[in-house]
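Biologist: Could you take a close look at one helix for me, and then walk me outward from there through the rest of the fold? I'd like to hear how the pieces fit together.

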Amino acid sequence: MMTLKWKDIVLRALEPSDLDFLYALENDEAVWEISNTTTPYSRHVLKQYLDNSQQDIYSAKQLRMVITLASDESAIGFVDLFDFEPKHQRVGLGIVIFEQANRRKGYAFQAIEMICSYAFTHLNMHQLYANITADNEKSIELFKKLGFLQTGIKKDCIYAEEKFKDEHVFKLTKDVL
């Protein structure tokens with residue numbers, strides 16, 4: 001499927017072999033703010049998640065894909081579709097590139113372009129949206145570069161680092177592409 005392979009990266013389904021990568025990412029407190037996590041996950045719980053990850057997006061209402069480098073197939077992050085609403089043709093979008101060394105190389109840009117194309121083409125979505133904290137300037141810049149428009153601000157929405165943060169809402173509609 002060409003939709004999920006392009007230039008430097010490939011988006012693929014979760015595999016049992018992703019357990020160690022998933023365990024490292026989900027238990028890294030630095031990313032808990034964006035995943036709304038407050039406690040660590042055990043390997044057992046994450047193995048169960050992987051065992052059930054092949055559920056259809058229409059029943060699970062979410063889809064997580066692994067971002068891998070095309071050159072050596074190593075996992076570098078995840079892109080998620082969540083709060084899938086087929087009736088309203090909208091879905092949330094989240095992304096994380098785990099290691100700092102893999103950031104600012106265009107991988108997130110490519111992954112978001114691919115997942116948007118997939119959602120518009122194969123899932124018949126009209127709108128994708130992303131929620132980004134106001135202090136995450138690099139993500140805001142990235143989503144704007146991809147054509148997402150800021151449609152709102154949720155004031156004092158995220159509590160992290162002993163303070164409340166605003167969350168910006170961005171959306172991209174099919175007709176913009």
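Modeller: On α6, the face turned away from the buried side carries the exposed residues Glu137, Lys138 and Lys145. Bear in mind that this is a predicted model. The buried residues of this helix are Ile140, Leu142 and Phe143. Looking down the axis of α6, you'd see these buried residues fall within an arc of 160°, so they line one face of the helix. What do the buried residues of α6 pack against? Their partners are β5, α5, β6 and β8. Just past the end of α6 sits Gly147, with a positive phi of about 95°.

The loop leading into α6 is worth a stop too. Asp135 lies in that loop, between β6 and α6, and it pairs with Lys165 in strand β8, 30 residues apart, so to speak linking distant parts of the chain. The two side chains meet in a salt bridge at 2.8 Å, N to O. Is each partner buried or partly exposed? Lys165 is buried, with a relative accessible area of 6%, while Asp135 is partly exposed at 43%.

Now step back to the nonpolar interior. The largest nonpolar core has 37 residues, and those with the most contacts inside it are Ile9, Leu11, Leu81, Leu93, Leu128 and Phe148. Helix α6 (137-145) is one of the elements that supply at least two residues each, and others include β2 (9-13), β5 (90-97), β6 (127-133) and β8 (163-173). The largest share, ten residues, comes from α5. For a feel of the packing, take Leu11: leaving out residues up to four places away in sequence, Leu11 touches Leu4, Met65, Val66, Ile67, Val79, Ala111, Met114 and Ile115. Apart from this core lies another one, of twelve residues, among them Leu14, Leu19, Leu22 and Val96.

Two of those names bring us to helix α1 (residues 19-26), where the buried residues are Leu19, Phe21, Leu22, Leu25 and Glu26. They cover an arc of only 165° around the axis, which puts them on the same side of α1. That buried set packs against α2 (32-35), α3 (43-52), β3, β4 and β5.

Glu26 is a handy link to the charged pairs. A search of the whole structure turns up nine salt bridges. Arg64 and Asp80 form one of them, with their closest N and O atoms 2.7 Å apart. Arg64 belongs to strand β3 and Asp80 to strand β4, so this pair ties together parts that are 16 residues apart in sequence. Both Arg64 and Asp80 are buried. Glu26 joins Arg64 and Asp80 in one network, through salt bridges that share partners.

Glu26 also has a contact in the loop between α2 and α3, where you'll find Thr37. Setting aside neighbours within four places in sequence, Thr37 is in contact with Glu26 and Trp32. Thr37 counts as buried, with a relative accessible area of 10%.

One last pair to check is Arg12 with Asp18, whose side chains meet in a salt bridge at 2.8 Å, N to O. Arg12 is partly exposed, with a relative accessible area of 23%, whereas Asp18 is buried at 4%.

Terms used:
Residues are numbered from 1 along each chain as its sequence is written. This is a predicted model: local features need pLDDT of at least 70, side-chain atom pairs count only at pLDDT 80 or more; totals for chains, interfaces and linings use all residues. Side-chain values use heavy atoms; hydrogens and water are left out. A nonpolar core is a set of buried Ala, Val, Leu, Ile, Met, Phe, Trp, Tyr and Cys residues joined through side-chain atoms within 4.5 Å. Buried means under 20% relative accessible area, exposed over 50%, partly exposed in between (1.4 Å probe, protein chains only). Helices (H or I, at least four residues) and strands (E, at least two) are DSSP runs, numbered from the N terminus. Contact means heavy atoms within 4.5 Å. The arc is that of the directions from the helix axis to the C-beta atoms. A salt bridge is a side-chain nitrogen of Lys or Arg within 4 Å of a carboxyl oxygen of Asp or Glu.
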